[in-house]
Amino acid sequence: MIEFLLNGQIEKVDQFDPNLSILEWLRTKMRLTGTKEGCASGDCGACTIITGTADQDGNTHYDAINSCITLLGSLHGKELITVEAFQQKPRHPVQQGMMEKHGAQCGFCTPGIVMSLTALHANRKNSTVSRHQILEALSGNLCRCTGYRPIIEAGQDAMVKEWTPDTEHPAAGMAPGSSESALSRIHQNNITIEAAGGSRYDAPVCLDDLRSLRRAYPDSRLVAGSTDLALEITQQLSSLDHLVSVERVPEMKGCALEGDELVIGAATTYQAFRETLCELWPAFDAMLERLGSLQIRNRGTLGGNIANASPIGDMPPPLIALNTILVLDGPDGQRSMPIEDFFLGYKETALKSGEFLHSVRIPAPKTNETLHIYKISKRLDDDISAVLGAFRLTITDGVISDCRLAFGGMAATPARALQTENALKGQLWNENNVAAAINVLGSDFSPLSDVRASASYRLQVAGNLLRRAWLSSDSLPREQLTVTDYA
């Protein structure tokens, strides 16, 4: 049985299909139809809900997430808030702002927009919320009717206002600590749900229990944030027989410096590790802001992005450029390998039967090392890469003493440009040598043409990204920037 708070009230569910999404459960089982289905793929934001999780200090942190691709089993021990929680008066400042600024027309996307802005309002540390933060909160919400100006203005007005809700509706209060006592009463044991049709859902609470499950059921599917796995259910209409959640395994969560390495648990969400990683390697910040939407980053995990083994995953290329080490785990214990050896072919990895990705060890910067990450996609927000280039350069006195160049979208796996690296090593970091190295890229890659980009486009863009790294180099004399327009 799973337990969670639904709009302030304890909810217990003892039988359900492990493939059931929160959205489907809300609309078909609970008749809470304020949450809408638009795309069923985590792109439009109409299905946005809020989940709350109590931290060690007893405060509750709220996340806006896509309910269409989040499985019901993930709710155990959390607080679930839907738009129905805000029916009482006084109105929430976000609702009031949307009314006064005319932020809704047909109203279909409006509940998701309200929930995204409400989560931002609940988590704000003070009344100072920037326009950039509002845009980030709304990056996963599409609106066909209004244009976004009145919605942004509604958010700006709401963020400077406090709210004291009706005490009879505790879910709508969303105040720090408001749900901690109720959440603390929910059991923390392992969960096993076996549906009538034979499908099964397990949620272990420690690493040993996870290993035991993988030993007994090596063909089970691991699920963390489900931002990609759930698409098999919603888009391909598949029914997954056995899901094992790693979301409640503490040994696989967290982000901390250990010596000269940053260790990130495979089940750690993008939002949870973003700040620490970007302090170490600032180049990740702009890329992570464009990895999916905020709803996706609140659920998606580092381990899922890697183990999914997509050739256009955003995290593998920069991790390859940094010579990151993966820690694999399973029934026979742990082993480590460089991330570039993990990808064997399209959607094929070095994981053995029953193994899983435990953690990721990212080296800290060394003297004269810089990292450049550039993502090319059709949309700025919430889109998948056509090409992603990541370049770690060690430049001493103007000479490239070492470099690692990695690309996504150029081959069946994320991969290094080894011959291009050799063309740069030992050379002066200047325009002529960069141009010579770009000419070698065709020897490293023979990219495919698909719906995202043609092969010729990908090859040209890959070279332009390397040139962009040179143009953005801190050591480049500013007058050289006007020599040639590479835009």
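Visitor: Why does Asp-450 count as partly exposed?

Guide: This is a predicted model. In it, Asp-450 has 43% relative accessibility. Partly exposed runs between the 20% and 50% cut-offs, so Asp-450 counts as partly exposed.

Visitor: What makes Arg-458 buried?

Guide: Its relative accessible area is 2%. Buried means under 20%, so Arg-458 is buried.

Visitor: Why are Arg-458 and Asp-450 said to form a salt bridge?

Guide: Their closest N and O atoms are 3.1 Å apart. The cut-off is 4 Å between a Lys or Arg side-chain nitrogen and an Asp or Glu carboxyl oxygen. The pair therefore qualifies.

Visitor: How many salt bridges does a search of the whole structure find?

Guide: The search finds 25. One of them joins the side chains of Arg-361 and Glu-261, at 2.7 Å from N to O.

Visitor: How do you know that this pair links distant parts of the chain?

Guide: Arg-361 lies in strand β16, residues 356-363. Glu-261 lies in strand β11, residues 261-265. The two residues are 100 residues apart.

Visitor: Is Arg-361 buried or partly exposed?

Guide: Partly exposed. Its relative accessibility is 22%, and buried needs a value under 20%.

Visitor: What makes Arg-274 and Asp-285 a salt bridge?

Guide: The closest N and O atoms of Arg-274 and Asp-285 are 3.1 Å apart, and the limit is 4 Å. Arg-274 sits in helix α10 (residues 270-280) and Asp-285 in helix α11 (residues 284-289), so the bridge ties together parts eleven residues apart in sequence.

Visitor: Which of the terms buried and partly exposed fits Arg-274, and which fits Asp-285?

Guide: Arg-274 has 12% relative accessibility and counts as buried. Asp-285 has 32% and counts as partly exposed. The line between the two terms is 20%.

Visitor: Which residues are linked with Arg-274 and Asp-285 in a network of salt bridges?

Guide: Glu-136, Glu-289 and Arg-297.

Visitor: Why are the buried residues of α16 said to line one face of the helix?

Guide: In α16 (residues 431-438), Asn-433, Val-434, Ala-437 and Ile-438 are buried. Seen down the helix axis, the buried residues fall within an arc of 145°, so they line one face. Their cover includes α15 (418-424), α17 (441-444) and α18 (455-471).

Visitor: What makes Asn-430 a cap for α16?

Guide: A side-chain oxygen of Asn-430 lies 3.3 Å from the backbone nitrogen of Asn-432. The cut-off for a polar contact is 3.5 Å. Asn-430 thus caps the N-terminal end of α16.

Definitions and conventions
Residues numbered from 1 in each chain as written. Predicted model: local features only at pLDDT ≥ 70, side-chain atom pairs only at ≥ 80, totals over all residues. Heavy atoms only, no water. Helix = DSSP H or I, 4+ residues; strand = E, 2+ residues; numbered from the N terminus. Buried < 20%, exposed > 50% of the residue type's maximum accessible area, 1.4 Å probe, protein only. Arc of directions from axis to C-beta. Contact = heavy atoms within 4.5 Å. Polar contact = N/O pair within 3.5 Å; in protein donor to acceptor, adjacent residues only side chain to side chain.
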